[in-house]
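Me: I have a new structure open and would like to learn how to read it. Could you walk me through it, one feature at a time?

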Amino acid sequence: MKEILLLKLGEIVLKGLNRRTFEEKLIKNIRAALQCAGNFTLQKGQSTLLVDPEPDFNMKIGVEAVKKIFGIASIVVAAPCEKTFASVCETTIDYLGKRLETAKTFKCEAKRSDKRFAMNSPEICRELGAFILQRYPHLKVDVHHPDIVVTAEIRDYAAYVHGGRIKGAGGMPVGSNGKATMLLSGGIDSPVAGYMVAKRGVSLEAVHFFSPPYTSERAKEKVIELAKILTQYTGPLKLHIVPFTEPQLMIYEKCPEDLLTIIMRRIMMKVSQRIAEANKSAALVTGESIGQVASQTLESLGVTDCATSLPVIRPLIGMDKEEIIEVARKIGTFETSVLPYEDCCTVFVPKHPKIKPVLRFVEEAEDVLDIEAIIEKCVCETESIWIEGIDKI
Amino acid sequence: MEIYLDNAATTKPSNEALEEYVRVSKMYYGNPSALHKMGLEAEKIIEKARGQTAASLQCDAKEVIFTSGGTESDNLAIIGAVRAAKHRGKHIITSKIEHHAVLHTCAYLEQNGYSVSYIDALPNGEVDLDQLKQAVRPDTVLISLMALNNETGTVQPVSELKSIAPHALIHSDCVQAYGKIPLSPADLQVDMMSLSGHKIHAVKGVGVLYVRKGVHIVPISYGGDQEGIRSGTMNTAGIAAFGVQAHKICGSEEESMRTLKARRDYFAQRLLEEIPDAVINGQKAVHILNVGFENVRGEVLLHALENAGIYVSTGSACTSKSTKISHVLQAMHVKPSVAQGSIRISLSLDTTTEQIDRAVLEIKKQTDFLKKFKRR
């Protein structure tokens, strides 16, 4: 039986005159994300987009892909039919019959955006309910917790019958709210931070600092893998891999041990800012949360912030580790994040880092470094990879 | 050109083994257990390899069981033997320096009512035979000791075991030893030995368990009984490749051992000339050189050498993903700071003197650099 996808728009519908721009971004994102499922045509309706699949379209893959697109509040897989009440009834039996046979309770919902249709929504509901009860006498109506919600939608070109909606990813279409550059470490937090910013419609580029031979080729592969997982939400993104061994060794040699981490963080910020400016990002994004480690105390965050003139967005700032892990599991980055490849880097972790660094002292300590030259070299040696998406099997 | 010094992890398949693998896969794809002619032809391929393997071990072809590799062979030998002998006792002796295929199998048996004595190693890398003698009990049913340790390369005194415990079965994990030292069950006085294809320039996914005639072991997995106590459709091509390499090994072990040992000793000597404070872990080794450097982390050194195209390993490849100190070096009481900075270099007959010279200089360069940035 033919099925189509109805995608209900989220927050976009609240937008005013710029609504079209948002919609266009979303349509572009949907087109790109659904390519993996097959061919289809996309129609625009009132606060709804309709995906009309060609025969080669894999609905299961399509639904999974669409669930990850920001800007869609809910998803409906429906069977189209003629715009007559008889046809709606017939389609209900054909399409939902099996589920109605096994369900114990149901309720009916109706939406009529084509006001030329003879019955209004309450009438459709009532009549369809009566029809179902007559056909399936074992069913009872339960308007609060039904096993199945039989829905009829009367739209411009056709009517649609379906058995309930699937929750969408919510948020705003990626690309509708500017661009930011995220710092992607390979840990649990940073992919979650990227996800949360993307959810608000921000498109992303990612920066990763790697320190061979202190970190391995596998650690780098892991970050690429994380970026690939993120693309399901963000769309294709650029990953900038910055070789960072030399600056780290330089800091190690020349700066006081208890300030190693904070100075390293500051230089990372400066390098990231340079990359962000080149790609026209309006902000940096990190996975920091208050007090998680020494470099994430309020004082440390303050000193880190002073290294860059870009706003630093920290979406996880008030979250507990447990809460962050929950999101990481939900978005599918957790398993990759916890792969144990990055543990030979302890040389650069001070035994007793300064917990409350003072900007003036940190700046003095940095004075021995030619920071401008370090940044220049890092940016110069950066390898940028275009991450298209997750590997297709 | 890359310099591959991780031959204890796995070896490059020889051209002859690969050609045989492809030839057999293409032409003899029939199931060797099938009744028709194609089955018979495949079976003949296997029997030829069995004969070649038996010849290299100076044993009877009927004593050779083909498996999927060293791990399966160890599992089958240990679990299969102690289960068959459970009426005689439930005590096992092994060493602390065994491969995890043996250690984890023993740990599993411990959870299932068996008691296991784990024998320490001496600082030279050899298992402590005095301690082992003390551990023998009347109800000891099995002693499992490897012939050549995979991390330090130290050859173990396996041939002494039978006289120490005549009432127990003797199993030896010979995965690292096969092809590098003369090895026959008769000389070693063992009842079972495990071999692996990919350590002898054959292919991955094939191994051997030698079981002496008259020794009773029970299966650990169940099916069509294709190899008697071992079930599963036989890996004809892999077994054929194994046979090719076994045939090469047959009679050449003495010379291989001399050549490998000479290169290994040259490597050690050159390293100590360049880096006098390097510590060689374990003696009596043939093709493996385990060497530690203070104030360097083995894993970091590994990656630094990798960038120069030189491939070594830290500890055994199976433990290198966790940063724990190698259980073998721990059992030998190697200083933790040295153990942390240890790498394993393992040679093959393809390793040249030029490669060794280049590797020594690179190790010198990298350790000099890394030592500057030790953890404060």
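Reply: Happily! Let's begin with a definition: two strands count as paired if DSSP finds at least two bridges between them. Keep in mind that this is a predicted model.

Me: How many bridges join strand E3 of chain B to E4(B)?

Reply: In general, strands of a sheet pair through backbone hydrogen bonds, either parallel or antiparallel. Here, E3 (residues 91-95) of chain B is joined to E4(B) by five bridges, and the two run parallel. To see one of them, find Ile93(B): its bridge partner in E4(B) is Ser117(B).

Me: In what order do the strands of the open sheet in chain B lie?

Reply: Read across the sheet and you meet seven strands in the order E2-E8-E7-E6-E5-E3-E4 (chain B). The sheet is open and its pairing is mixed. Strand E2 (64-67) and strand E4 (115-119) of chain B each have a single partner strand, so they stand at the edges and one side of each has no neighbour in the sheet. On average, neighbouring strands of this sheet are turned by 20° against each other, ignoring direction.

Me: Which strands of chain B does helix H3 lie across?

Reply: Helix H3 (residues 70-84) of chain B lies across E2, E3, E5 (140-144), E6 (169-173), E7 (192-196) and E8 (207-211) of that chain. Its direction is at about 165° to E7(B).

Me: How many disulfides does the structure hold?

Reply: To count as a disulfide, two cysteine sulfur atoms must lie within 2.5 Å. Over all chains, the structure holds zero disulfides.

Me: Why is there no bond between Cys306(A) and Cys255(A)?

Reply: The closest cysteine sulfur to that of Cys306(A) is in Cys255(A), and it is 17 Å away, too far for a bond. Cys306(A) is partly exposed, with a relative accessible area of 48%. Chain B offers another case: the sulfur of Cys250(B) has its closest cysteine sulfur in Cys59(B), 11 Å away, which is also too far for a bond. Cys250(B) is partly exposed as well, at a relative accessible area of 34%.

Me: And chain A: how many helices and strands does it have?

Reply: Chain A has 13 helices and 15 strands. Its C-alpha trace spans about 85 × 40 × 35 Å along the principal axes.

Me: What percentage of the residues of chain A count as buried?

Reply: A residue is buried when its relative accessible area is under 20%. In chain A, 53% of the 393 residues count as buried. The chain exposes about 18,300 Å², with 54% of that supplied by carbon and sulfur atoms.

Conventions
Residues are numbered from 1 along each chain as its sequence is written. Chains are lettered from A and ligands numbered from 1 in the order in which they are written. This is a predicted model: local features need pLDDT of at least 70, side-chain atom pairs count only at pLDDT 80 or more; totals for chains, interfaces and linings use all residues. Side-chain values use heavy atoms; hydrogens and water are left out. Helices (H or I, at least four residues) and strands (E, at least two) are DSSP runs, numbered from the N terminus. Axes are lines fitted to C-alpha atoms, for helices over the stretch in contact, and angles run from 0 to 180 degrees between N-to-C directions. Contact means heavy atoms within 4.5 Å. Buried means under 20% relative accessible area, exposed over 50%, partly exposed in between (1.4 Å probe, protein chains only). Accessible areas come from the Shrake-Rupley method with a 1.4 Å probe; for residues, only the protein chains shown count as cover.
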